[in-house]
Structure formats: C-alpha cells, structure tokens
Amino acid sequence: MASELRVNTLKDASGNNSIATSFVANGSAKHFVHFDGSGTISIYSGALNTASIADNGTGDTTVTLTSALSSADGGAIVAGTDGNQVKVRTAVNTTSTYDIKTQNSSGTAEDRDDNSGVRYGDLA
C-alpha cells in the first residue's frame, strides 16, 4: 500500500526558512544535464532525468529525458562555453527530447566541451 504525505510548507532544519510545496513542485527544474560535447560525448556528474545524449554531427546534440514532460510547450535553457565566444541555440522537439546546437563566433557549427541544458514544466 502506497503512503502519502501532504504538506503546505517545507522548512529547513532551523525552522527559519520556509517554502511552499507548490513552488517546489511547479517551479523546480524537471531536467538538467551538463556534458562534454567534443570528441566522444560524455555526461558530467549530477544529471537529473537524463536518459541519454546523442551526437548528431558537429555542433548538434539531441538530449533525451528519462521521464517525459506533460507538454512540449515552453523551451529549454541551454548554455555552452570553452573559453571562447560561443553561440548556443535549442529546438524543443517533443515532450522527451530537445536539440542543442553549438557554433563558434563566426556562426560555424562546432563541438564544445562544456554544455548544459535545463527544462522546466510538469512531468507527464
């Protein structure tokens, strides 16, 4: 038999700082990944709700979530750097996948060694 815990507010150990549970459920990232996109793609430690990342070619990576979101609406927040100017863009494909595209300062597709992606929304 499953158990259920219902609360309106969470407090830290000191009892001084509190947050409404609705903020935790609705305002928290439902996915994040930090990965090396150069050479053989590898996920750095600490990914959340990330099933896999696929290298589609130079500067083109697809991220797949373990648990899908309820809607593909909204977007993904992405970033990338390797010490030089970098252009990063994304396209949300489905409730469980999105692409990260990286370019150099000239706009040419280029793999980057330090990339991140975050998605918000409700889980399906």
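1. Let's begin with the word "strand": here, a strand is a DSSP run of type E with at least two residues, and strands are numbered from the N terminus. With that settled, Thr50 is a residue you can find in strand β5. Keep in mind as you read on that you are looking at a predicted model.

2. Stay with Thr50 for a moment. Is Thr50 buried or exposed? Its relative accessible area comes out at 16%, and the cut-off for "buried" is under 20%, so Thr50 counts as buried. The side chain of Thr50 also has something to reach for: the backbone oxygen of Leu48, at 3.2 Å.

3. Now zoom out to the sheet that β5 belongs to. Four strands make up an open sheet, and going across it you meet β5-β6-β9-β8, with antiparallel pairing. Which strands stand at the edges? They are β5 (50–57) and β8 (87–92); each has a single partner strand, so one side of each is left without a neighbour in the sheet. From one strand to the next, the twist averages 20 degrees.

4. Inside that sheet, have a look at β6 and β9. These two run antiparallel and are joined by five bridges. To see the pairing for yourself, find Thr61, which stands opposite Ile100 in β9. Hang on to both names, since Thr61 and Ile100 turn up again in the lining of the largest cavity.

5. On to that cavity. How many cavities of 30 Å³ or more does a search of the whole structure find? Just one, and the space in this largest cavity is about 60 Å³. Its lining is made of Phe35, Gly37, Gly59, Asp60, Thr61, Ile100, Thr102, Asp111, Arg112 and Asn115. Two elements give two or more residues each to that lining, namely β6 (60–65) and β9 (97–103). Sorted by class, the lining has five polar residues, three charged and two nonpolar.

6. Asn115, one of the lining residues, leads us to another pair of strands. Asn115 sits in β10 and is the bridge partner of Gly80. The strands in question are β7 and β10 (residues 114–119), which run antiparallel with six bridges between them.

7. Last point: try turning β7 (residues 76–81) around to compare its two faces. Which residues are on the covered face? Those are Ala76, Val78 and Gly80, while Ile77, Ala79 and Thr81 make up the uncovered face. So you meet Gly80 twice: on the covered face of β7, and as the bridge partner of Asn115.

Definitions and conventions. Residues are numbered from 1 along each chain as its sequence is written. This is a predicted model: local features need pLDDT of at least 70, side-chain atom pairs count only at pLDDT 80 or more; totals for chains, interfaces and linings use all residues. Side-chain values use heavy atoms; hydrogens and water are left out. On a 1 Å grid over the protein atoms alone, a cavity is a set of points where a 1.4 Å probe fits but cannot get out, and a pocket is an open set with protein on both sides within 12 Å along at least five of seven lines; lining residues have an atom within 4 Å of a point. Grid points are joined across faces, edges and corners, and a volume is the space filled by probe spheres set on the points. Ala, Val, Leu, Ile, Met, Phe, Trp, Tyr, Cys and Pro count as nonpolar, Asp, Glu, Lys and Arg as charged, and the others, Gly among them, as polar. Two strands pair if DSSP finds at least two bridges between them. Axes are lines fitted to C-alpha atoms, for helices over the stretch in contact, and angles run from 0 to 180 degrees between N-to-C directions. Buried means under 20% relative accessible area, exposed over 50%, partly exposed in between (1.4 Å probe, protein chains only). A polar contact is a pair of N or O atoms within 3.5 Å; within protein, one must be able to donate a hydrogen and the other to accept it, and residues adjacent in sequence count only if both atoms are side-chain atoms.
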